[in-house]
Amino acid sequence: MDDGYQSPFESRAEDPDLQVPFVDELHYFSPSLTPLLSSAELVLKITPEQQVAFEVQQLYRYLDFTVRLETEPVNEVALLLSRPAFIPWLHPGRRTDALTIYREEGKHAEWSKRQIDSVHAKTGVEPLDVDPAFLGELNHLIESEPESFGEFVKLFFVCVSETLIAGSLLNKLPRDEEVQGAVRNLARAHAKEEGQHHKYFKSLFQQLWPAMPYQTSVRIGTLLPAMLRAFLLPDRSHMLRVLETYAPDVKEADRIVDEILKSEATADGLRTSATPSLRIFADAGVFGDPIISEAFLRNHFWLPEERAAS
Amino acid sequence: MRAVDEVLAALSCPLGHEQQIEALLAMTDEECAHALATWATQVFDLNPHVQFELAKNGEESPQVWCLISIGDFRGHLVFRVFSGDALIAVADDVTLGSLRLDDADVTVVALRADPRLESAQKAIETVQKRAGAPVPTFIAMDPAWLAAAAVGRSKPFSYSALTRRGRHLTPEPCFAESQDGRKSPRTAVRQ
């Protein structure tokens with residue numbers, strides 16, 4: 001409902017240019033990064049208009065994922081890290097930097113929400129109300145662990161999310177010249193700052209891991225593959241809702257979506273995107289324990305050089 | 001959630017350093033048990049979802065018995081300190097029958113040994129392996145972990161009071177010698 005609200009905020013100098021006009025000839029999201037469009041069977045069944053709706057919804061998914069991730073687990077952990085009582089032996093400078101992360105993550109969430117609003121205004125495509133799957137996974141992981149461990153599990157969940165960045169679509173999206181300029185600008189600016197967050201959480205992980213007792217490290221270590229999957233696996237509920245909303249005539253939507261999720265292309269994408277985090281884990285000695293490395297293999301995660309050697 | 005998992009989470013703290021291990025080795029098993037009892041009391045004070053109480057019966061021993069309640073669970077937690085020949089004997093006991101105490105619901109095995117000695121390190125690794133991970137059957141505190149607890153009085157990585165508003169949480173990385181100025185609590189003994 002239009003209640004005449006006028007935002008008192010204007011773009012700041014450091015903000016990416018989100019005002020680049022949308023152009024009909026350009027995609028709202030890379031087709032190659034849109035999981036539904038990886039199904040050859042589905043692509044044959046949909047119209048160009050449906051394909052545009054799929055891409056816009058994938059953009060919304062990515063932007064809403066960012067809003068929820070940054071303002072919920074990441075900033076909850078950043079706030080905790082800023083407080084002297086949480087892991088009290090951390091360097092004071094790390095606590096101040098945690099507040100920098102808090103500020104920047106809020107900014108990324110704001111950019112993302114603004115872009116949802118502007119794409120919605122331009123295309124008329126309504127964002128679907130589907131909670132990102134990773135939040136459910138995080139809740140499940142926390143509830144499956146002892147209450148004392150709740151914040152510790154969340155901390156590692158955030159270490160995983162913030163170190164995944166180098167291999168994620170944030171780095172692929174800006175390079176796709178067939179995608180809208182405003183979308184690429186946001187992804188580029190976001191990736192630049194997330195590069196610093198990657199370094200922060202990488203060094204935190206490397207500090208914490210060797211300090212943990214053996215049984216604790218195995219407990220946390222065997223959760224890491226589930227954390228990677230929570231972030232990287234395409235969102236089943238969202239894909240089904242997109243099909244239900246924009247392609248209700250498509251039969252066997254569940255089967256098509258499950259085939260996408262089980263495909264070798266999805267598995268390869270997961271491994272490629274997970275590589276930066278896997279390297280950090282390897283450097284910290286995570287895979288030195290056979291129980292943990294088995295948990296990664298069971299979830300189809302391994303470093304490219306390990307696969308080549310085997 | 002199993003009680004042994006809750007205890008593992010509550011007791012998880014950063015490993016101690018070399019000087020702390022040296023100080024641990026200079027303790028007696030009884031002193032180590034006393035220090036563990038004090039530390040555990042302070043740790044569980046940070047975890048109000050667990051009711052923890054030392055079971056005192058006035059005798060000294062390298063065993064500390066405690067009562068714990070978590071949700072519907074109520075049972076006995078025992079800390080057992082092993083060193084020297086007793087540690088080697090436990091490691092050689094493939095069935096771990098010598099670790100089982102009929103009344104204990106959760107057992108924490110505190111391994112007070114010099115990890116630089118090959119025989120001790122081998123025994124530590126054997127007990128650790130048998131303790132189980134990621135789903136433990138009991139908890140094996142190796143010397144670095146035990147030193148952090150008994151000597152360093154290190155605070156745990158995480159605890160349930162952490163995000164409870166209004167609770168006073170201090171920024172020190174370790175507990176004060178005694179949380180309320182009293183001497184260490186006496187440990188309890190089961191024959």
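The following exchange examines the sheet of chain B and the side of chain B that touches chain A.

Reader: What kind of model is this, and how are its parts numbered?

Author: This is a predicted model, in which local features need pLDDT of at least 70 and side-chain atom pairs count only at pLDDT 80 or more, while totals for chains, interfaces and linings use all residues. Residues are numbered from 1 along each chain as its sequence is written, and chains are lettered from A and ligands numbered from 1 in the order in which they are written.

Reader: What makes β2(B) and β3(B) paired strands?

Author: Two strands pair if DSSP finds at least two bridges between them. Eight bridges join β2(B) to β3(B), so the criterion is met, and the two strands run antiparallel. B:S69 stands opposite B:R74 in β3(B). The hairpin of these strands has two residues between them, and B:G71 there takes a positive phi near 60°. Strands themselves are DSSP runs (E, at least two residues), as helices are (H or I, at least four), numbered from the N terminus.

Reader: Why is the pairing in the sheet called mixed?

Author: The five strands of this open sheet follow the order β1-β2-β3-β4-β5 in chain B, with mixed pairing. β1(B) and β2(B) pair in the antiparallel sense over five bridges, with B:E53 opposite B:L67. By contrast, β3 (residues 73-83) and β4 (residues 106-112) of chain B run parallel, joined by seven bridges; B:V81 stands opposite B:A110 there.

Reader: Why are β1 and β5 of chain B said to stand at the edges?

Author: Each has a single partner strand, so one side of each is left without a neighbour in the sheet.

Reader: What makes β2(B) largely enclosed?

Author: A residue is buried if 20 or more other C-beta atoms lie within 10 Å of its own, exposed if 12 or fewer, and partly exposed in between, with C-beta atoms placed from the backbone. Six of the eight residues of β2(B) are buried, so the strand is largely enclosed by the rest of the structure.

Reader: How do you know which residues of chain B touch chain A?

Author: Two residues are in contact if their C-beta atoms, placed from the backbone, lie within 7 Å. By this criterion, 32 residues of chain B are in contact with 23 residues of chain A. The elements giving two or more residues to this side of chain B are α1 (3-11), α5 (118-131) and β5 (139-141). The largest share, five residues, comes from α1(B).
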